[in-house]
Amino acid sequence: MDLGASQDILGGHTPCASLVAPVIAGAEILSLSAVEVESISSRADPLSTAIEPFYLNFCNVSVVLTHPGASDTVFVDVWLPTSDWNGRYQAMGGGGLAAGYGGLMLAGPLSEGYLTSSTDGGLTLNNTVDPQSGKWALNEDGTSNDDLQLNLAWRSIHDMVLLSKDLSQQFYGVEPSYSYWHGCSQGGRQGYAAAAQYPEDFDGILAIAPAIYIPELVVADFWPPVVMQNNTVPPFCVLEEYQRAIIAKCDPLDGVTDGLISDHDLLESCPFDPDTLVGHTVSCNSACATLDIGILMEMDVPCEGLKELTITTEHATVVREILQGPRTSNGKPLWYGLAPGAAFFAVANTIEDEDGNWIPSPFIVAKSWLKYFVFKHPDYETTKMSTADYEKAFDISTSQLGELWGNQHLNLTAFKDAGGKLLTWMGLADEYIPPNGMLRFRENLEKQFGGAEAVDEFQRLFFAPGAGHCSGGHGPLPVDPLIALRGWVENGTAPETLPAMTISPENVKVSRNLCRYPKKLIYNEGPVALASSFSCA
Ligand SMILES: *[C@@H]1O[C@H](CO)[C@@H](O)[C@H](O)[C@H]1NC(C)=O
Ligand SMILES: *[C@@H]1O[C@H](CO)[C@@H](O)[C@H](O)[C@H]1NC(C)=O
Ligand SMILES: *[C@@H]1O[C@H](CO)[C@@H](O)[C@H](O)[C@H]1NC(C)=O
Ligand SMILES: *[C@@H]1O[C@H](CO)[C@@H](O)[C@H](O)[C@H]1NC(C)=O
């Protein structure tokens, strides 16, 4: 489509208040409110590249819809720029057990000129619960709420796209020239699901650190607390010491000592032996930790008093199990463990209770998944979970939840045939999602489509050394992957590398040009902080 056509009508849009509820197949619109918002100031959202607060002018459309027979109440927020629309649509995904974050995520894309939208998928139960609690996944009678689960799995994305494109037609007189999805984690998984289920909805999908293999992955994220409950709970500073030691051991094995483990093959083969730290002493601050206070948010608890601690064989055993990942009692591997160099605070966090005892502080989404999806029992006591219970949970999750959550739904053939482009980047030190799952998925794609080149026509994967989940970690993060995706979709310029950057704790700018998988960053010569010292091979 011609971008010029949509730009001609800028300034000439219909009044916001005249928008009417679109007809959406399979859904019933309960209400639509459309109010013009002028010069509202907003801070940048975490996914946006903007740093300064900016002033937004847009038509704020709030739609409430339901699926007849489902008794769900779904909120969709659509923001349409009243000036400087760039002719494009950018849908924003969710994270954890949330389908979307509403206004929080829309300010960034809107400020860059996109028509943008987000939906709660009905998972807030009419704004009464935090979706991360998982409470929405069960009906009041304790059975699984299949309608809401379907909404998160893929249905709510499609409703939102149909709505947004219809509102674009009404407001600007044209549909968007190009439509994009932008999500990380659960939002990345939603992107893959959208590609598979509705291959015509998006021209380009930016799916960052996608939570694919969710039935395996989320239960695997609860393995560390189970191991600790069965053995000992290491003080958190011991785990931090282990992270430093793992990086020190495996960073040089990629050819250069730059603080980053850059070779994706080291995910499986980093030869770190946790016993090497046994007997070492660490200086630990008491009551000093990074707490996970909800998806993607962390809080530092101030430290008090230094204590010397000696690392024990029990600590080493726990770390070994966490790095190996979940296994059956017979030693059969179930899923991947914590990536080498990844932080422990996300899925293997420990905190001191009031009596000064160390206790596991599990990842809330993993805990919610066990209670509401796997055991369907809100009172299920995860702190008493034995390794036998754990195996059972893993089995239920992978054998019974595949209908909505399994990867068998992620057939990308039709998306490829429709000319869609899927861009994924992921941190090699992702602390929530072991990147091995993405590798496995990509290998399966290559088998299905006949090799790496065939897959690269529509799906490209970039690993970011040292980068964590979505935006965390210590390695360089892609600077503007959406622009790279736009170039691929709109001009056919398929990305070979993704420019990435971070500022180190020592205040040094560190850059890399991330390589298209299966290529890896190879050090040539020059300062290790500079992208130009490396090439892809
Ligand atoms: C958009 O409209 C909804 C519904 O009326 C309202 O709750 C929300 O605060 C509005 N957002 C802004 C930024 O004005
Ligand atoms: C949702 O909550 C609002 C009040 O907050 C109420 O007016 C409305 O009827 C509720 N919708 C449904 C479907 O329960
Ligand atoms: C749990 O503890 C038992 C008994 O100490 C031990 O044999 C087993 O290996 C432990 N399992 C895990 C996963 O830590
Ligand atoms: C994927 O979908 C295509 C049609 O779009 C079909 O021909 C093919 O058999 C499917 N592949 C798998 C593995 O289901």
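**A three-stranded sheet and a domain interface**

In this predicted model, three strands form an open antiparallel sheet in the order 16-17-18; strands are DSSP runs of E of at least two residues, numbered from the N terminus, and two of them pair if DSSP finds at least two bridges between them. Strand 16 (477–478) and strand 18 (509–515) lie at the edges with a single partner strand each, so one side of each has no neighbour in the sheet. Strand 16 pairs with strand 17 (residues 497–503) over two bridges, in the antiparallel sense. In this sheet, Leu477 stands opposite Met501 of strand 17.

The protein chain is divided into domain 1 (1–85 + 116–174) and domain 2 (218–395), with bounds from an automatic or database domain assignment. Their contact (heavy atoms within 4.5 Å) takes 10 residues from domain 1 and nine residues from domain 2. About 750 Å² is buried between the two domains, 69% of it from carbon and sulfur atoms; buried area is the accessible area (1.4 Å probe) that two parts lose on being put together, summed over both. In domain 1, Gln132, Ser133 and Leu138 lose the most area to domain 2, together 56% of what that side buries.

No salt bridge is found across the interface of domain 1 and domain 2, the rule being a side-chain nitrogen of Lys or Arg within 4 Å of a carboxyl oxygen of Asp or Glu.

Residues are numbered from 1 along each chain as its sequence is written. Local features need pLDDT of at least 70, and side-chain atom pairs count only at pLDDT 80 or more, while totals for chains, interfaces and linings use all residues.

Technical notes: Chains are lettered from A and ligands numbered from 1 in the order in which they are written. Side-chain values use heavy atoms; hydrogens and water are left out. Helices (H or I, at least four residues) and strands (E, at least two) are DSSP runs, numbered from the N terminus.
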